[in-house]
Amino acid sequence: MSGKPKLYYFDGRGKMESVRWLLAAAGVEFEEEFLETREQYEKLLQGGALLFQQVPMVEMDGMKMVQTRAILSYIAAKYNLYGKDLKERALIDMYVGGTDDLMGFILMFPFLSAEDKEKQRAFIVQKATSRYFPAYEKVLKDHGQDFLVGNSFSWADVHLLEAILMVEEKKSDVLSGFPQLQAFKGKISSMPTIKKFLEPGSQRKPVPDDKYVETVRRVLRMYYDIKAN
(Lines give C-alpha, C1' and ligand atoms only; values in the text may rest on other atoms or scores of the structure.)
Protein backbone atom coordinates (compact mmCIF):
# COMPACT_ATOMS: atom_id res chain seq x y z
CA MET A 1 0.00 0.00 0.00
CA SER A 2 1.30 3.45 -0.95
CA GLY A 3 0.40 5.17 2.30
CA LYS A 4 -1.76 7.67 0.50
CA PRO A 5 -5.38 8.06 1.64
CA LYS A 6 -7.68 5.96 -0.53
CA LEU A 7 -11.18 7.21 -1.28
CA TYR A 8 -14.03 4.81 -2.07
CA TYR A 9 -16.91 6.46 -3.88
CA PHE A 10 -18.42 7.10 -7.28
CA ASP A 11 -16.59 8.90 -10.08
CA GLY A 12 -18.40 12.13 -9.28
CA ARG A 13 -18.92 14.75 -6.64
CA GLY A 14 -21.55 13.74 -4.12
CA LYS A 15 -20.55 13.66 -0.48
CA MET A 16 -16.95 12.76 -1.28
CA GLU A 17 -16.16 15.98 -3.12
CA SER A 18 -15.61 17.97 0.08
CA VAL A 19 -13.10 15.32 1.17
CA ARG A 20 -11.23 15.73 -2.10
CA TRP A 21 -11.25 19.51 -1.63
CA LEU A 22 -9.88 19.33 1.90
CA LEU A 23 -7.13 16.84 1.10
CA ALA A 24 -6.13 18.91 -1.93
CA ALA A 25 -6.11 22.10 0.15
CA ALA A 26 -3.78 20.38 2.62
CA GLY A 27 -1.50 19.35 -0.24
CA VAL A 28 -2.14 15.65 0.34
CA GLU A 29 -2.06 13.24 -2.59
CA PHE A 30 -4.76 10.57 -2.57
CA GLU A 31 -5.96 7.58 -4.55
CA GLU A 32 -9.51 6.70 -5.53
CA GLU A 33 -11.46 3.52 -6.18
CA PHE A 34 -14.64 4.26 -8.08
CA LEU A 35 -17.77 2.23 -7.47
CA GLU A 36 -19.24 1.25 -10.82
CA THR A 37 -21.10 -1.97 -10.03
CA ARG A 38 -23.38 -3.30 -7.31
CA GLU A 39 -20.88 -6.13 -6.83
CA GLN A 40 -18.12 -3.71 -5.79
CA TYR A 41 -20.43 -2.12 -3.24
CA GLU A 42 -21.55 -5.48 -1.85
CA LYS A 43 -17.93 -6.60 -1.54
CA LEU A 44 -17.23 -3.59 0.69
CA LEU A 45 -20.34 -4.38 2.71
CA GLN A 46 -19.48 -8.05 3.13
CA GLY A 47 -15.90 -7.21 4.08
CA GLY A 48 -17.10 -5.02 6.93
CA ALA A 49 -15.49 -1.87 5.54
CA LEU A 50 -18.69 0.18 5.68
CA LEU A 51 -19.66 0.51 9.32
CA PHE A 52 -23.06 2.01 8.57
CA GLN A 53 -23.44 0.30 5.19
CA GLN A 54 -22.83 3.47 3.21
CA VAL A 55 -20.18 5.48 1.40
CA PRO A 56 -18.13 7.71 1.38
CA MET A 57 -15.39 5.62 2.93
CA VAL A 58 -11.79 6.73 3.31
CA GLU A 59 -8.93 4.39 4.12
CA MET A 60 -6.32 6.43 5.94
CA ASP A 61 -3.79 5.97 8.75
CA GLY A 62 -4.87 2.38 9.29
CA MET A 63 -8.53 3.32 9.62
CA LYS A 64 -11.54 2.75 7.39
CA MET A 65 -13.51 5.90 8.10
CA VAL A 66 -17.12 6.53 7.19
CA GLN A 67 -19.47 9.42 7.96
CA THR A 68 -18.40 12.44 5.93
CA ARG A 69 -18.25 14.88 8.84
CA ALA A 70 -15.97 12.56 10.84
CA ILE A 71 -13.67 12.12 7.85
CA LEU A 72 -13.45 15.86 7.27
CA SER A 73 -12.87 16.63 10.96
CA TYR A 74 -10.00 14.16 11.09
CA ILE A 75 -8.33 15.57 7.98
CA ALA A 76 -8.78 19.16 9.19
CA ALA A 77 -7.25 18.36 12.59
CA LYS A 78 -4.38 16.33 11.16
CA TYR A 79 -3.31 19.02 8.72
CA ASN A 80 -3.76 22.04 11.01
CA LEU A 81 -6.88 23.36 9.30
CA TYR A 82 -9.05 23.22 12.42
CA GLY A 83 -8.08 26.32 14.39
CA LYS A 84 -5.66 26.83 17.26
CA ASP A 85 -8.07 26.36 20.19
CA LEU A 86 -11.57 25.23 21.12
CA LYS A 87 -13.13 28.61 20.38
CA GLU A 88 -11.75 28.67 16.85
CA ARG A 89 -12.78 25.06 16.34
CA ALA A 90 -16.33 25.90 17.41
CA LEU A 91 -16.46 28.77 14.91
CA ILE A 92 -15.11 26.53 12.14
CA ASP A 93 -17.73 23.90 12.97
CA MET A 94 -20.44 26.56 12.90
CA TYR A 95 -19.39 27.98 9.54
CA VAL A 96 -18.89 24.54 8.01
CA GLY A 97 -22.35 23.59 9.26
CA GLY A 98 -23.85 26.53 7.42
CA THR A 99 -22.14 25.69 4.15
CA ASP A 100 -23.14 22.04 4.62
CA ASP A 101 -26.77 23.11 4.79
CA LEU A 102 -26.44 25.12 1.59
CA MET A 103 -24.55 22.40 -0.23
CA GLY A 104 -27.19 19.88 0.82
CA PHE A 105 -29.70 21.68 -1.39
CA ILE A 106 -27.31 21.23 -4.33
CA LEU A 107 -26.36 17.61 -3.61
CA MET A 108 -29.81 16.34 -4.63
CA PHE A 109 -30.01 18.52 -7.76
CA PRO A 110 -28.73 15.98 -10.34
CA PHE A 111 -31.37 13.44 -9.28
CA LEU A 112 -34.36 15.74 -9.90
CA SER A 113 -36.66 15.85 -12.89
CA ALA A 114 -36.17 18.68 -15.39
CA GLU A 115 -39.16 20.54 -13.96
CA ASP A 116 -38.00 20.15 -10.39
CA LYS A 117 -34.46 21.23 -11.33
CA GLU A 118 -35.71 24.67 -12.33
CA LYS A 119 -37.59 25.02 -9.04
CA GLN A 120 -34.57 23.83 -7.09
CA ARG A 121 -32.22 26.17 -8.94
CA ALA A 122 -34.32 29.16 -7.89
CA PHE A 123 -34.55 27.79 -4.34
CA ILE A 124 -30.76 27.36 -4.10
CA VAL A 125 -30.06 30.89 -5.31
CA GLN A 126 -32.70 32.34 -3.00
CA LYS A 127 -31.31 30.56 0.07
CA ALA A 128 -27.73 31.45 -0.83
CA THR A 129 -28.42 35.16 -1.32
CA SER A 130 -30.88 35.67 1.53
CA ARG A 131 -29.53 33.43 4.29
CA TYR A 132 -26.03 32.03 3.83
CA PHE A 133 -23.98 34.51 1.80
CA PRO A 134 -25.13 37.52 3.88
CA ALA A 135 -23.92 35.71 7.01
CA TYR A 136 -20.43 35.09 5.64
CA GLU A 137 -20.30 38.57 4.13
CA LYS A 138 -20.96 39.98 7.62
CA VAL A 139 -18.32 37.77 9.26
CA LEU A 140 -15.65 38.88 6.80
CA LYS A 141 -16.66 42.54 7.01
CA ASP A 142 -16.86 42.63 10.82
CA HIS A 143 -13.39 41.24 11.51
CA GLY A 144 -11.72 42.70 8.41
CA GLN A 145 -9.51 39.66 7.80
CA ASP A 146 -8.85 37.50 4.77
CA PHE A 147 -10.05 34.28 6.39
CA LEU A 148 -13.18 33.29 8.29
CA VAL A 149 -11.50 32.24 11.55
CA GLY A 150 -8.38 33.46 13.36
CA ASN A 151 -6.92 35.15 10.30
CA SER A 152 -5.50 31.82 9.18
CA PHE A 153 -6.50 29.38 6.46
CA SER A 154 -8.89 26.70 7.73
CA TRP A 155 -11.41 24.04 6.75
CA ALA A 156 -14.12 26.72 6.94
CA ASP A 157 -12.50 28.66 4.09
CA VAL A 158 -12.14 25.58 1.91
CA HIS A 159 -15.75 24.57 2.47
CA LEU A 160 -17.10 28.06 1.77
CA LEU A 161 -15.18 28.38 -1.50
CA GLU A 162 -16.50 24.99 -2.61
CA ALA A 163 -20.05 26.14 -1.83
CA ILE A 164 -19.60 29.46 -3.63
CA LEU A 165 -18.42 27.76 -6.80
CA MET A 166 -21.29 25.29 -6.65
CA VAL A 167 -23.86 28.07 -6.40
CA GLU A 168 -22.15 30.02 -9.19
CA GLU A 169 -22.77 27.01 -11.42
CA LYS A 170 -26.47 27.66 -10.88
CA LYS A 171 -26.22 31.47 -11.29
CA SER A 172 -22.92 32.90 -12.48
CA ASP A 173 -23.37 36.40 -11.00
CA VAL A 174 -24.66 35.26 -7.63
CA LEU A 175 -21.87 37.14 -5.79
CA SER A 176 -22.65 40.47 -7.44
CA GLY A 177 -24.03 41.93 -4.21
CA PHE A 178 -21.33 40.51 -1.94
CA PRO A 179 -18.00 42.37 -2.30
CA GLN A 180 -16.40 40.68 0.71
CA LEU A 181 -17.16 37.25 -0.70
CA GLN A 182 -15.87 38.27 -4.11
CA ALA A 183 -12.54 39.24 -2.54
CA PHE A 184 -12.57 36.06 -0.43
CA LYS A 185 -13.15 33.92 -3.50
CA GLY A 186 -10.19 35.53 -5.28
CA LYS A 187 -7.91 35.18 -2.26
CA ILE A 188 -8.66 31.52 -1.51
CA SER A 189 -8.72 30.48 -5.16
CA SER A 190 -5.21 31.85 -5.65
CA MET A 191 -3.67 29.83 -2.82
CA PRO A 192 -1.21 27.35 -4.40
CA THR A 193 -2.87 24.10 -3.34
CA ILE A 194 -6.36 25.37 -4.18
CA LYS A 195 -5.24 26.86 -7.47
CA LYS A 196 -3.75 23.50 -8.43
CA PHE A 197 -6.99 21.70 -7.55
CA LEU A 198 -9.00 24.12 -9.68
CA GLU A 199 -6.85 23.51 -12.75
CA PRO A 200 -7.86 21.05 -15.50
CA GLY A 201 -6.61 17.52 -14.91
CA SER A 202 -6.95 17.58 -11.12
CA GLN A 203 -9.05 15.11 -9.12
CA ARG A 204 -11.82 17.68 -8.78
CA LYS A 205 -14.98 16.26 -10.29
CA PRO A 206 -17.15 18.04 -12.88
CA VAL A 207 -20.81 18.92 -12.55
CA PRO A 208 -22.68 15.59 -12.18
CA ASP A 209 -24.07 14.29 -15.46
CA ASP A 210 -26.60 11.63 -16.42
CA LYS A 211 -23.97 8.89 -16.37
CA TYR A 212 -23.08 9.69 -12.76
CA VAL A 213 -26.77 9.70 -11.76
CA GLU A 214 -27.41 6.38 -13.50
CA THR A 215 -24.37 4.78 -11.81
CA VAL A 216 -25.39 5.93 -8.34
CA ARG A 217 -28.96 4.73 -8.87
CA ARG A 218 -27.78 1.34 -10.12
CA VAL A 219 -25.16 0.69 -7.43
CA LEU A 220 -27.35 1.88 -4.53
CA ARG A 221 -30.56 0.53 -6.06
CA MET A 222 -32.31 3.87 -5.85
CA TYR A 223 -35.71 3.10 -7.33
CA TYR A 224 -37.45 6.22 -6.05
CA ASP A 225 -37.63 9.78 -7.30
CA ILE A 226 -36.19 12.67 -5.29
CA LYS A 227 -38.36 15.76 -4.99
CA ALA A 228 -37.31 19.39 -4.90
CA ASN A 229 -37.56 21.48 -1.74
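Q: In this predicted model, are Phe 10 and Tyr 212 buried or exposed?
A: Buried, both of them.

Q: How many aromatic pairs turn up in a search of the whole structure?
A: Nine.

Q: Why is the pair of Phe 10 and Tyr 212 called edge-to-face?
A: The ring centres are 6.5 Å apart and the planes stand at 85°. Pairing takes centres within 6.5 Å, and planes over 60 degrees apart count as edge-to-face, so this one gets the label.

Q: What makes this a link between distant parts of the chain?
A: Phe 10 sits in the loop between strand S1 (6–9) and helix H1 (17–25), while Tyr 212 belongs to helix H9 (residues 210–220). That puts them 202 residues apart. They also share one aromatic cluster with Tyr 9 and Phe 111.

Q: What kind of aromatic pair do Tyr 95 and Tyr 136 form, and how do you know?
A: Edge-to-face again: it's 6.1 Å from centre to centre, with 75° between the planes. The angle is over 60 degrees, so the label follows. Tyr 95 comes from helix H4 (residues 86–107) and Tyr 136 from helix H5 (residues 114–143), so the pair ties together parts 41 residues apart in sequence. Both tyrosines are buried.

Q: What makes the contact between Glu 32 and Arg 20 a salt bridge?
A: Their closest N and O atoms are 2.8 Å apart, and the cut-off is within 4 Å, so the pair qualifies. Glu 32 is in strand S2 (residues 31–34) and Arg 20 in helix H1, twelve residues apart.

Q: Is Arg 20 buried or exposed, and how do you know?
A: Its relative accessibility is 0%. Buried means under 20%, so Arg 20 counts as buried. Arg 20 and Glu 32 are also part of a salt-bridge network with Glu 17 and Lys 205. For the whole model, the count comes to 19 salt bridges.

Q: How do you know that Lys 78 and Asp 61 meet in a salt bridge?
A: The N to O distance is 2.6 Å, so it passes the test of being within 4 Å. Lys 78 comes from helix H3, and Asp 61 from the loop between S3 and S4, 17 residues apart. Lys 78 has 36% relative accessibility and Asp 61 has 43%. Both values fall between 20% and 50%, so both residues count as partly exposed.

Q: What makes the phi of Asp 61 worth a look?
A: It's positive, about 55°, although Asp 61 is not a glycine. Most residues other than glycine have a negative phi. Asn 151, in the loop between H5 and H6, does likewise at about 50°. Asn 151 is partly exposed, with a relative accessible area of 40%. Asn 80, just after H3, takes a positive phi of about 60°.

Q: How do you know that the peptide bond joining Val 55 and Pro 56 is cis or trans?
A: Omega is about 15°, and the bond is cis. Most peptide bonds are trans. Pro 56 is in the loop between helix H2 (38–46) and S3.

Q: Why does Asp 157 have no salt bridge?
A: The nearest side chain of opposite charge is Lys 187, 10 Å away. The rule asks for within 4 Å, so Lys 187 doesn't count. Asp 157 is buried all the same, and its place is helix H6 (residues 155–168). Its side chain does reach the backbone nitrogen of Ser 154, at 2.9 Å. Beyond four places in sequence, its contacts are Phe 147, Leu 148, Ser 152, Phe 184 and Ile 188.

Q: Why is Phe 178 called buried or exposed?
A: Its relative accessibility is 10%, and the limit for buried is under 20%, so it's buried. Phe 178 lies in the loop between H6 and helix H7 (179–189). Setting aside neighbours within four places, it touches Thr 129, Phe 133, Pro 134 and Glu 137. The C-alpha atoms of Phe 178 and Pro 134 are separated by 7.6 Å, though the residues are 44 apart along the chain.

Note on methods:
Residues are numbered from 1 along each chain as its sequence is written. This is a predicted model: local features need pLDDT of at least 70, side-chain atom pairs count only at pLDDT 80 or more; totals for chains, interfaces and linings use all residues. Side-chain values use heavy atoms; hydrogens and water are left out. Helices (H or I, at least four residues) and strands (E, at least two) are DSSP runs, numbered from the N terminus. Buried means under 20% relative accessible area, exposed over 50%, partly exposed in between (1.4 Å probe, protein chains only). Lys and Arg count as positive and Asp and Glu as negative; His and the chain ends are not counted. A polar contact is a pair of N or O atoms within 3.5 Å; within protein, one must be able to donate a hydrogen and the other to accept it, and residues adjacent in sequence count only if both atoms are side-chain atoms. Contact means heavy atoms within 4.5 Å. Rings of Phe, Tyr and Trp (its six-membered ring) pair if their centres lie within 6.5 Å; planes under 30 degrees apart count as stacked, over 60 as edge-to-face and the rest as tilted.
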